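Welcome! Let us take a walk through this structure together, beginning at a single residue and widening the view from there.

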Amino acid sequence: MHEDFMRRAIRLARVPAATSPNPRVGAVVVRDDEVVGEGYHLGPGTPHAERAALDAAGSAARGADLFVNLEPCAHHAHTPPCADAVIEAGVRRVFASLEDPDDRVRGRGLARLREAGIEVEVGLLEREAAEANRAFLHQRTTGKPLVTLKMALSIDGRMAAADGSSRWITGEEARRFAHERRAEVDAILIGAGTAVADNPRLTARGIPDARQPARVLIDGSGRVEASAQLFDEGEAIVVTTARCAHDRQIEWKEAGAEVLVLPDRDGHVVLGAVIETLAERGWIEILCEGGPSLSSALLASEVVDRLEIHRGSIVLGSGPGIGDVGVGTIGDAMGWDLADTFPVGSDVVSVYDRGTP
């Protein structure tokens, strides 16, 4: 039953579309094997999951068990420390899936609970909890956002038809899922080729109360006009080089975009520098939705942490696929570990983490 209660906490943690830069946390208060309170964190400035669950439980929390997918915090931020709330509520035992890697917490919350005489167990459903907070854990341990490369491929591995058309490789359900993913991340990254060919808005549509991601365009030479739809609403950032015409940069700024001029290599933006620069914003996940050129460049630059492959149920037979990523022999192949795979309508989504050959 302990695993059932923790699974419930993890499901609650996933309820909000995004909580960045905070982690996703759900909490369940259990007394005599019955749930008496539960809650989840909605994002910065809102109550933490533990406080929401304890408030829901009221006096029933005294002597109860608390199941939470991440260590209760022990520092003052927008809200008081959750560890103090747990102690004040009279909770008897705390089951936490993971220790919080944030330098402000990192075991301090668990230590405070133990010092107060509360029994603490750590590690219940650790793997499932880590997946729910994959981006947060990555950012807190590396200082960089999780860079996820999404690719929509046909059954035979093509990203577009012979004439360059790529809408729609995947079906309606997969497109809905793609919008849900956009609502979860801090930013969407595309290249000039995709912006010119598709003129995308890069918004999360059809998702209630979705927080819109920032739109990041990589355009080293100024190919994309300021009338592109990605400049129509919300935060837009253009990453370019000194080779881009000054007039084009002014047009982007007048359209409301922030323009970052970064170093180039052979006329192309250095992608490692892009991620380093964006990391300074405290973002925890960037979703890359580029076409063949940007996708292959990202992989060749080794800045991708996770692959998200949306494989449509069609065969194209010809047309572009992933480009050259610098693998000359099988021994140099990039290794990826399968993290998850699941059907979405008639399509399949497979998720891979960076691994070894």
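Leaving aside its neighbours within four places in sequence, which residues is Leu153 in contact with? The model in front of you is a predicted one, and in it Leu153 touches Arg158, Met159, Ile169, Ile309, His310, Arg311 and Gly312. You will find Leu153 in strand 6. Is Leu153 buried or exposed? Its relative accessible area is 10%, and buried means under 20%, so Leu153 counts as buried. Now look for Thr170, which is 17 residues away along the chain: its C-alpha atom and that of Leu153 are separated by 8.0 Å.

From here, let your eye move out to the sheet around strand 6. Nine strands make up this open sheet, and their order is 10-9-8-7-13-6-14-16-15, with mixed pairing. Its edge strands are strand 10 (258–261) and strand 15 (336–344), each of which pairs on one side only. On average, neighbouring strands here are turned by 20° against each other, direction ignored.

One pair in this sheet is good to trace by eye. Strand 14 (residues 306–311) and strand 16 (residues 347–354) are antiparallel partners, joined over six bridges. Within strand 16, Ser350 is the residue that stands opposite Ile309. Helix 6 (residues 134–142) packs on the sheet and touches strand 6, strand 13, strand 14 and strand 16, while its direction makes about 140° with that of strand 6. Helix 10 (residues 271–279) lies across strand 6, strand 8, strand 9, strand 10 and strand 13, and runs at about 155° to strand 8.

Next comes a pocket. The second largest pocket holds about 750 Å³ of space. Its lining counts 33 residues, and Arg14, Glu131, Ala132, Arg134 and Arg306 lie nearest its centre. Helix 5 (126–132), helix 6, helix 7 (172–184), strand 14, strand 15 and strand 16 each give two or more residues to this lining. Sorted by class, the lining has 14 nonpolar, five polar and 14 charged residues.

Finally, visit another sheet. This open sheet has five strands in the order 2-1-3-4-5, again with mixed pairing. Strand 2 (34–40) and strand 5 (119–122) have a single partner strand each, so one side of each is left without a neighbour in the sheet. Neighbouring strands here are turned by 15° against each other on average, direction ignored. Strand 1 (residues 26–31) pairs with strand 2 in the antiparallel sense over six bridges, and Gly26 has Tyr40 of strand 2 as its bridge partner. Helix 4 (residues 108–115) lies across strand 4 (93–96) and strand 5, running at about 150° to strand 5.

Note on methods: Residues are numbered from 1 along each chain as its sequence is written. This is a predicted model: local features need pLDDT of at least 70, side-chain atom pairs count only at pLDDT 80 or more; totals for chains, interfaces and linings use all residues. Side-chain values use heavy atoms; hydrogens and water are left out. Two strands pair if DSSP finds at least two bridges between them. Helices (H or I, at least four residues) and strands (E, at least two) are DSSP runs, numbered from the N terminus. Axes are lines fitted to C-alpha atoms, for helices over the stretch in contact, and angles run from 0 to 180 degrees between N-to-C directions. Contact means heavy atoms within 4.5 Å. On a 1 Å grid over the protein atoms alone, a cavity is a set of points where a 1.4 Å probe fits but cannot get out, and a pocket is an open set with protein on both sides within 12 Å along at least five of seven lines; lining residues have an atom within 4 Å of a point. Grid points are joined across faces, edges and corners, and a volume is the space filled by probe spheres set on the points. Ala, Val, Leu, Ile, Met, Phe, Trp, Tyr, Cys and Pro count as nonpolar, Asp, Glu, Lys and Arg as charged, and the others, Gly among them, as polar. Buried means under 20% relative accessible area, exposed over 50%, partly exposed in between (1.4 Å probe, protein chains only).
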